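Please look over the model below before reading on. The report starts with a surface feature and then moves to the strands.

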Amino acid sequence: MNDRTATPVTIIGLGLMGQALAGAFLKAGHPTTVWNRTAAKAEQLVAGGARLAPTVGDALQASPLTIVCVTDYGAVHELISENDLEGTTLINLTSGTSAQARRPPSAAPATWTAPSWPSRRRSGPPRR
């Protein structure tokens, strides 16, 4: 295992996308911490080697990289705002509007950026 595969990662939110990401990180050899409001959703991942964090704060502190996969920006703000993000790279994969994406949680670093979305226009034939 090299330094790249040994990088710890945290996944907050274990819906279909969060579970798939956590599983992929585990399979690639990353120490993976998970958190979900319903802890039972983590059982299969924990059986596969993931660590279940008891709180969002513990999950955020467990890794230098956190990926958030929750329902909406309201949930992101509720979960993240009261936690220290010092030293954490936060990737937010939440659905919402561009205006919501531009408003960071209060604890977010000063360099919060909104995601970019691909144009609906494509050059060339559609991919199959």
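A patch here is built from residues with over 30% relative accessible area and no salt bridge, and nonpolar side chains are joined into one within 5 Å. The model is a predicted one. In it, M17, I91 and L93 make a nonpolar surface patch of about 230 Å². M17 sits in helix 1, which spans residues 16–27. The relative accessible area of M17 is 42%, so M17 counts as partly exposed.

**Overall layout**

The chain holds five helices and five strands. Along the sequence they follow the pattern β-α-β-α-β-α-β-α-β-α. The chain has 128 residues, and 37% of them count as buried. Its accessible surface comes to about 8200 Å². Carbon and sulfur atoms account for 53% of that surface. Contacts across the sequence also deserve a look. Take the contacts with a separation of 6 or more: 50% of them join residues 24 or more positions apart.

**Strand 1 and its partners**

Strand 1 covers residues 9–12. V9 and I11 point one way from this strand, while T10 and I12 point the other way. All four residues are buried. In a regular strand, side chains alternate between the two faces of the sheet.

Which strands pair with strand 1? Strand 2 (residues 32–35) does, and so does strand 4. The table sets out the two pairings.

| Pair | Sense | Bridges | Bridge partner of T10 |
|---|---|---|---|
| Strand 1 and strand 2 | parallel | four | T33 |
| Strand 1 and strand 4 | parallel | four | T66 |

T10 therefore has a bridge partner in strand 2, T33, and one in strand 4, T66. The route between strand 1 and strand 2 pairs them in the parallel sense. The chain crosses from strand 1 through helix 1 to strand 2, and this β-α-β crossover is right-handed.

**A closer look at T66**

T66 belongs to strand 4, residues 65–68. Is T66 buried or exposed? Its relative accessibility is 0%, so T66 counts as buried; the cut-off for buried is under 20% relative accessible area.

What does T66 touch, leaving out residues up to four places away in sequence? The contacts of T66 are T10, I12, A59, L60, T88, T89, L90 and I91. Among them, T10 is also the residue whose bridge partner in strand 4 is T66. T10 and I12 both belong to strand 1 and are buried. I91, another contact of T66, helps make the nonpolar surface patch with M17 and L93.

Definitions and conventions: Residues numbered from 1 in each chain as written. Predicted model: local features only at pLDDT ≥ 70, side-chain atom pairs only at ≥ 80, totals over all residues. Heavy atoms only, no water. Helix = DSSP H or I, 4+ residues; strand = E, 2+ residues; numbered from the N terminus. Buried < 20%, exposed > 50% of the residue type's maximum accessible area, 1.4 Å probe, protein only. Contact = heavy atoms within 4.5 Å. Patch = residues over 30% accessible without salt bridge, like charges linked within 9 Å, V, L, I, M, F, W, Y side chains within 5 Å. Areas by Shrake-Rupley, 256 points an atom, 1.4 Å probe, with all protein chains shown as cover. Salt bridge = Lys/Arg side-chain N within 4 Å of Asp/Glu carboxyl O. Pairing = 2+ DSSP bridges. Right-handed = clockwise from strand over helix to strand, strands pointing away.
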